[in-house]
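Let's take a walk through a structure you haven't met before. Have the picture ready and follow along.

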Amino acid sequence: MICYDVKRVIYFFLDGQLGENKQKDFTSHLNLCGDCERRAAIQSRLRQFVKKRMHIDPAPEHLKRRLARAVRAFRAEWSASQ
Amino acid sequence: MKSAEVHEHEQGWDFEKAAMPYVDSLYNTAYRMTRNSEDAEDLVQETYLKAYKYYDKFEEGTNFKAWLFKIMKNTFINNYRKKKLSPHKIDFSEIEESYERVIQKNAPDLIKDPESEIFQDMMDEDVKRSLDSLPHDYKMVVLLADIEGFSYKEIAEILDCPVGTVMSRLYRGRKMLERTLLEYAKKYGYIRSGEPVKMRSRKDEVKPKKRAPGEGDAAEVHEPEDGDETVLFADDEEFEFELEEEREEEEFQIE
């Protein structure tokens, strides 16, 4: 694997979706190439940053109650038809 | 039809217990899709009722969360996208690798210091707005992969498209997100040092200027122009990396 390939598949490597052999090739390249090692570190940090900032907020409580009511109503309707 | 009621009746299974843990994820994604809390709540409710009703379509042993997301995506397309479906025109030639360059130039110590972040002062809302600004298809893959943690295969299943398409959209979507984040950082001064420099792209060849008599070499400096959309943070080096604009969506393959 050369630097060009690393740039092209870096996202997929970080996602752990490259397949076993390519994942190994990628890691070997990183061990030899400081630039690509930094590159991977930068991208990995960015990923963590976005994930942290896009944290999942809890759904509103009234929505949870509304969903539970809707499912119960649906279930009751079914039971009545049996 | 064997819906969730039958399953509950026969097996003592509880739909609410099974589905409720995903309500936060579904609601957050619904909100990013509709950008409106009322529509997001309606979308989640419709998703839940459909999942309940069509539970027989769920294949045991597959990912229940992915199945719920798929129902939500289909419901969204049916209900909302028809109304205001405007095709996005994207000029992929504008997406260039600039993020790494900015980090290397402005924050070389970033890698050594795990606590520092180039965007650390950026508001959560700016990050959300950056993601919201992506065209729908690209926003969806980035959300599903980076926030919800689905695998490519699961995303392909949710969005009804080949894995290669997922990869290509992720590639471009993340590049667009990097660019948007940099633009926000520039706009609100989150980047602590470094001068904005015109970003070069292949389409953007420097045109020879007519030289006025007596004008020296200084005239060759290419100044960023107002309203130039490709002005970003970048140094003066050539971009080593370029997106192949002509690349077909399906081209990415694993192994």
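We'll start with each chain by itself and then turn to the place where they meet.

Keep in mind that this is a predicted model. Let's begin with chain B, which has 255 residues, 51% of them buried. Look for ten helices and two strands here. If you trace chain B from the N terminus, you pass through the elements in the order α-α-α-α-α-α-α-α-α-α-β-β. What about contacts between residues 6 or more positions apart? In chain B, 75% of them join residues that are 24 or more positions apart. The accessible surface of this chain is about 13500 Å², with 47% of it on carbon and sulfur atoms.

Now over to chain A. Its 82 residues include 44% that count as buried. There are four helices and zero strands in chain A, so to trace it from the N terminus is to read α-α-α-α. Among its contacts with a separation of 6 or more, 50% are between residues 24 or more positions apart. Chain A has an accessible surface of about 4600 Å², and carbon and sulfur atoms hold 52% of that.

Next, bring the two chains together. How many residues does each chain give to the contact? Chain B gives 63 residues and chain A gives 44 residues. Between them the chains bury about 5300 Å², and 59% of this is on carbon and sulfur atoms. There's plenty of polar detail too: 17 residue pairs are in polar contact across the interface, with both residues at pLDDT 80 or more. On the chain B side, the elements that give two or more residues include helix 1 (4-11), helix 4 (37-53), helix 7 (124-132) and helix 10 (163-187). That side of chain B is made up of 29 nonpolar, nine polar and 25 charged residues.

With charged residues in mind, let's look at salt bridges. Over all chains the count is 21, and eight salt bridges cross the interface of chain B and chain A. A good one to find is A:Arg66, which pairs with B:Asp42 at 2.6 Å between the closest N and O atoms. A:Arg66 also meets B:Glu41 in a salt bridge, at 3.4 Å from N to O. Because B:Glu41 sits in helix 4 of chain B and A:Arg66 in helix 4 (residues 61-81) of chain A, this pair joins two chains. Are these two residues buried or partly exposed? B:Glu41 is buried, at 10% relative accessibility, while A:Arg66 is partly exposed at 23%.

Move along to B:Asp124 and A:Arg53, whose side chains form a salt bridge at 3.1 Å, N to O. This one runs from helix 7 of chain B to helix 3 (residues 34-53) of chain A. B:Asp124 is partly exposed, with a relative accessible area of 28%, but A:Arg53 is buried at 10% relative accessibility.

Stay in helix 7 of chain B for a moment. B:Asp126 and B:Arg129 both lie there, three residues apart, about one turn of the helix. Their side chains meet in a salt bridge at 2.9 Å, N to O. B:Asp126 is buried, with a relative accessible area of 3%, whereas B:Arg129 is partly exposed at 39% relative accessibility.

Two last stops. A:Asp15, A:Arg47, B:Asp146 and B:Arg174 are linked in a salt-bridge network. And in helix 10 of chain B you'll find B:Lys175, which is buried at 5% relative accessibility. Its side chain makes a polar contact with the side chain of A:Tyr11, at 3.3 Å.

Conventions
Residues numbered from 1 in each chain as written. Chains lettered and ligands numbered in written order. Predicted model: local features only at pLDDT ≥ 70, side-chain atom pairs only at ≥ 80, totals over all residues. Heavy atoms only, no water. Contact = heavy atoms within 4.5 Å. Buried area = accessible area lost by both parts, 1.4 Å probe. Salt bridge = Lys/Arg side-chain N within 4 Å of Asp/Glu carboxyl O. Polar contact = N/O pair within 3.5 Å; in protein donor to acceptor, adjacent residues only side chain to side chain. Nonpolar A, V, L, I, M, F, W, Y, C, P; charged D, E, K, R; others polar. Buried < 20%, exposed > 50% of the residue type's maximum accessible area, 1.4 Å probe, protein only. Areas by Shrake-Rupley, 256 points an atom, 1.4 Å probe, with all protein chains shown as cover.
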